[in-house]
Each structure stands twice: as C-alpha cells, then as structure tokens.
Amino acid sequence: MKDAVAALFEKALDQLVEEGIIQVTDRKPVKIENTRDPAHGDLATNIAMLHAKSAQMAARAIAELIIDKLPPSEMIRHAEIAGPGFINLYLAQKITFEPVISCLKHNKKYGNHGGTNERIQIEYVSANPTGPLHVGHGRGAAYGATLVNLLNARGHDVEAEYYVNDAGRQMDILAVSVFLRYLENAGQCISFPTAGYRGDYITDLGNRLLQNSSISPQITFNELLQNVIADTEETKDAHIDGLIKNTKHCLGEEWRQPFNLALAAILSDIKSDLSEFGATFDQWFSEKSLVESGEVDAVIATLEDRGHLYEKAGALWFKSTNFGDDKDRVIRKDNGETTYFTSDIAYIANKLTRGFNRIIYIWGSDHHGYIVRIKAAAQALGFNPERLTIRLVQFANLYKDGERLQMSTRSGSFVTLRALRAEIGRDACRYFYVMRKADQHLDFDLSLATSQSKDNPVYYVQYAHARICRVFESIDETPFDQTRGINHLTDLTTQEELDLATTIGLFPEVVKRAADGLEAHLVCYYLQDLAADFHRWYNGNRLLVETLEVRDARLALAKAVQIVIRNGLALLGVSAPRSM
RNA sequence: GUCCCGGUAGCUCAGUAGGAUAGAGCGGCCGCCUCCUAAGCGGCAGGUCACAGGUUCGAUUCCUGUUCGGGACACCA
C-alpha cells in the first residue's frame, strides 16, 4: 500500500521534472513513513525537503507543486503541507481498515511474508553437555528460538542446530568427576578435585554408574593419585589432568562407561529442557563426529596447503593475524592435542559446505573475541566471511530480593533454567528473556517475576487476548457474522478504532524489521502497544451492542486483534490463553 | 593497553536507512466498575536524550574527541 502511494509521488515528481518546473540534480527515492503523531495524518513523506537543496527551492514550495501534480487516487483522502515541508497524508477510511480485512483473511498466516529462497542456518544454545542448562543459557535459547520463528515468518528456509561439545577436556573432566562420585558411592574415601564438576547431579550419575555399570570396582582412589600433583589453587588444572590420565589408563575400555553415561544423561536432560521451553532444533551436531570423520584433520591439511599454518615452540599455529585477528591462534598444542578452536574451524567448514546462504551464530557475549577468529578461519578456507552473522547475547543477571545471585556450573550453586521455568512459568520466561535487546544486560528480577503481579507485561498482552475470547463467549442469540462485520467496518469512526486498525496493519512490518535486524524485542514492544490500544478501546466502548452491523464490525476488529496477539505471542513462544 | 556494548523521566527501558511537540512500563498524585474479566482505563507531575565539537535545511540518531559504567582479551571450553 505504501509502495502504491510512493508510486504516486514518483509520478508527480517525474512530471514536474519533465515539464521543467523543477530541476533535480540529485533525485532521491520517495519514502513513505508511518506518522508517530495522529495530528500528522496517517502517512507522511519528506520528499520535498530531500530535494529542496538540489532544486534550489524552498521545501514547502516544492511540496505544494508535488501535491498539485499528485495523480488522483481513492486511497488518499487529503494531503497537506506541514512543518518545514512534510507532506502529510490522510487515508480514505476504507483504506485504514484494509489491514483488518487482510488479517481476518490470512488469520494464522497474517504477518508472514512470502518465500525468499534464502536458506539460513541458525545455531544457538550449544552449551557444553557438562551439566544442566542454567538461566544464562535460557536467554540464548529464548532469543534463538524466537529468531527461528521470525525468520520462518519472514519466508526464509530456516534450520536450527545445536552444536554438542562432546569431545575435549571438559568432557574428560566430567567423566572423571562422575567416576570419582562412583568410587565414593562404592564406599571409598576420596578427596574431590577442585576443578571437578560438583553439582548434585554428578553424585546422582555416580550412583547410577554404580548400579548399572560393569566396571570392575577394584580401582582405588590412591591408584588414581599416582604421580599426580597435589590439588592446590595453582595446580588444580594439572591435578585433574593427572587424574584423567590415570583414570583412563586404569579403566581402559571401561572409561567409556562414565563418559557415555554422563553425556547421554546430561544431553537428554538438555533436550527435554529445551523442548519444554519451546526451543526446537532440527539437528544436534556432534563435535566428536567431526574428529571421528577426519574432518578436523582434513581442515588442518587444507589450511596447511593454503599456507596459513606454521610451527612455533612445538605447537602448530594458524596465522589469523593475516585476517585481522590481533594474534595468531594455536591449532595443535605442543602435547599433540588440537584445541576447541580447531574443531570450530572444522565445524564452520562443514556448515559452509551444506548449502546455506547465511549462517547465524548466537553466542554468549563473553565470546566476542572469537568473532574475528572464526571469520578469519572461514576466509582462510576460501569462504566469504560475509555469510556468517554472529549475534552476541549478554548474560542475564539474576536477582532475588534485591540481591544478585552468583552462578557457576562448576561449583554447582547455579540456578537452572528448569528451576526458573518451574518458578515463573514458560510464558513469563520466554517473554522476559527477549523483551530487551539481546546485546544488552538483562536484570532478571526473580522476586518480581515470581510475584505474578500486574507488573509483568506478558500478562498485560495475554489479558487483552483473554478479554477478547470472553467477549466472543458472551455473544447471545445472533451469532457473529464476519462478512457483515467486514462490510460495516467503515461504521467504526472513533479514534480508538482507527488507531487499532492502523496498529494491526503494522504487524507485518514489525515481523520484517525484527527478522531482518534479528531484533526479537521489537515484537514485545509492538504487542504491548497493540494491547494498550485494545484495552483503551475496550474500556471506553461496549463491543456487544444492539445494532448487529456495528456489533459485528467491532467483533471483526476485535477478532483481528486477537489474531495478531496470538500470532505475535506464537513468535515469542508464549501462549495466548482463552481465559485468565 | 586493545576491542566490544552501553549512558534517554526518580527506577527499568523503547526509539537511528537523520525529521515535526522525544515515548512506554513501574513508582508518585488525582479520578473511573448496577456494564463483554479493574490482571483494565483516563488525567497530572517528571527530560540541557552523558559532555564538547563536526557534517546537514534539520542530529537523541551519522562522524570525531572526552568522560563514566559493564564486559572480553589462554597452547581453557
């Protein structure tokens, strides 16, 4: 519709130039904007001001000429010059209600856009499977899941993926932690390493290992301590590495039992947690599979062939400084092990050859230093780094009773996502997590969120939906006739009704902007605006009036609001309750 | 030291492809239920958009500098 209006202005401008009335050396495209203030009409354009300079005329004079040449259209009721040279447009009332009709027609698809043929992969959460998800992961999950919905609504072909870090040292630490709890459960006296994982879930896993495994229990903790440096603050890493080495040696093939048990149990917990949270994935990609398939070695060879590697101090380095990084990065340590970064390079290579036009990563903001690095790797492998988009999510700070809660997976004193959901519910969780810009700190006040008070904006939006449902339930005798309602929409003349229709019309644009800019929070603000428009209208006007034409027109408008709220909340993964 | 993110109402925050009188929620004050859910609505008060330059017809928005706050900078994952 805006495009059609813009075309009218282009035509008028063309004519003025053609007739030589104005000379424009720097022609700019016409932009039609929504007005912020109803006093400025429905739409506005600054086209006259943009050309004032090159035409060497006053903006208001140009505006006058343009309005003069504007081709007649039934869309525009009135055009006027305002302020320094804006042209404000008042739409025909019929046009104002067009979005309502469109919304009723498309229903669940209202707000969606046509297919773009763009294949996008989005990777999110990807937390190490070393423990349950905590509230910090929750934000990435909520943000990523909402983006998946938004990008789908935008018409892209989206694939969501979780990268499982099931290889590497952290997993070894996990396995040895479980094994030590196993020994402890078996009655041995152990001293648990400082660098081990300490949560209760580790003890539970140790217990399960004891009950289900076929590990021969002769191994003693003292054996594992052979030649291992003492566990002090300075040597805790070397200490646990020694324990890992000895445990692997003592257990041999059986090492896989604590390892696999822990991985399977924790991953399955993460999967169900995310699923209950409404965060879905098309693919769970294993880091281990990259190692086992030889892709890690292959990518090292490729980098070697391309001349991006060198050796120094016994380690193999990637010359990432050639691609803007501020220092080179180790690919293979002097002890022969590859680093997590090496796997990441193999992973990005794998992703980039799977046919996606665009690859989106959602990372915790503490990873911001890796952006340059991963793009450098992509570039070194011959790919265009522009295909990668990396979005950082600031961790959420959790507050309770005005006090900030400390979180640490290692110490076990963290608050899990599961616990958070249990306390405040999925809806409030999902909404709160994304209502702030992702790269901003989020203070998550548990006391406030658990209070279930009206301060919670999610209730405000849901309440509007529930109210509309109740209205429809209260219809007596003559049922709602949508066609009759649509035919009489122009009977609705109050400012509240016109505002609502206009706001409904903004929804597809909001979806587009939010998807294109990866800004999920826009949906929250939009829904709060829409709900506010509705509550204002509802409060001052009775919907179920005697005159059926007016009643059904109002019901048609209310139904459109209901559809948009439902669709908008669905994007956020929040339910639209029929009653509250 | 280098690099990110930010500084907008008492508080928490929206708002930039540059536009008109800068918005919302909460908190404060004053009102509104014989009526489809008052988990709601209306009104009032509250601002040198951190500071200083620059670009522009026009800057909260873009550029530069300053300042303050948060974070990141491993042969860790």
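1. A good place to start is a pair of helices in this predicted model. Helix H6 and helix H16 (residues 417–434) cross at roughly 45°, and their axes come within 10 Å. The two helices are therefore oblique to each other. As for handedness, the crossing of H6 and H16 is right-handed.

2. Which residues bring H6 and H16 together? From H6 come Val135, Gly138, Arg139, Ala142, Tyr143, Ala145, Thr146 and Asn149, and they meet Leu417, Leu420, Arg430, Tyr433 and Val434 of H16. Sorted by character, the residues of this H6 and H16 contact divide into 8 nonpolar, 3 polar and 2 charged.

3. Just ahead of H6 you may like to look at Thr130, which sits in the loop between strand E5 (119–123) and helix H6 (135–153). Is Thr130 buried or exposed? With a relative accessible area of 6%, Thr130 is buried, since the cut-off for buried is under 20%. Leaving aside residues up to four places away in sequence, Thr130 touches Gln170, Met171, Leu174, Tyr197, Tyr201 and Ile266.

4. Another loop residue makes a useful companion to Thr130. Glu234 lies in the loop between helix H9 (221–224) and helix H10 (236–251). Glu234 has a relative accessible area of 71% and is exposed, the cut-off for exposed being over 50%. For a sense of distance, try Glu234 and Glu509: these residues are 275 residues apart along the chain, and their C-alpha atoms are separated by 56 Å.

5. Now for a second pair of helices. Helix H5 (residues 98–106) packs with helix H22 (residues 548–572) at an angle of about 60°, and their axes are 9 Å apart. That angle makes H5 oblique to H22. H5 passes H22 in a left-handed crossing, whereas the crossing of H6 and H16 is right-handed.

6. What does H5 contribute to its contact with H22? Val100, Cys103 and Leu104 of H5 meet Ala556, Leu557, Lys559, Ala560, Ile563 and Val564 of H22. The residues of this contact divide into 8 nonpolar, no polar and 1 charged.

7. Helix H3 (residues 59–69) is worth a turn in the viewer, too. The buried residues of H3 are Ala59, Ile62, Ala63 and Ile66. Why do they belong to the same side of H3? They cover an arc of only 100° around the axis, which puts them on that one side. Glu64 and Asp68, on the other side of H3, are exposed.

8. What covers the buried residues of H3? The cover includes both helices and strands: helix H1 (2–18) and helix H2 (47–55), together with strand E3 (76–82) and strand E4 (86–91).

9. Finally, step back to the whole chain. Chain A has 22 helices and 15 strands, and 49% of its 580 residues count as buried. The C-alpha trace of chain A spans about 90 × 65 × 40 Å along its principal axes. Taking the contacts in chain A between residues at least 6 apart in sequence, 73% join residues at least 24 apart.

Definitions and conventions: Residues are numbered from 1 along each chain as its sequence is written. Chains are lettered from A and ligands numbered from 1 in the order in which they are written. This is a predicted model: local features need pLDDT of at least 70, side-chain atom pairs count only at pLDDT 80 or more; totals for chains, interfaces and linings use all residues. Side-chain values use heavy atoms; hydrogens and water are left out. Buried means under 20% relative accessible area, exposed over 50%, partly exposed in between (1.4 Å probe, protein chains only). Helices (H or I, at least four residues) and strands (E, at least two) are DSSP runs, numbered from the N terminus. The arc is that of the directions from the helix axis to the C-beta atoms. Contact means heavy atoms within 4.5 Å. Axes are lines fitted to C-alpha atoms, for helices over the stretch in contact, and angles run from 0 to 180 degrees between N-to-C directions. Angles under 35 degrees count as roughly parallel, over 145 as roughly antiparallel, 65 to 115 as roughly perpendicular and the rest as oblique. A crossing is left-handed if the near helix is turned anticlockwise from the far one by less than a right angle, and right-handed if clockwise. Ala, Val, Leu, Ile, Met, Phe, Trp, Tyr, Cys and Pro count as nonpolar, Asp, Glu, Lys and Arg as charged, and the others, Gly among them, as polar.
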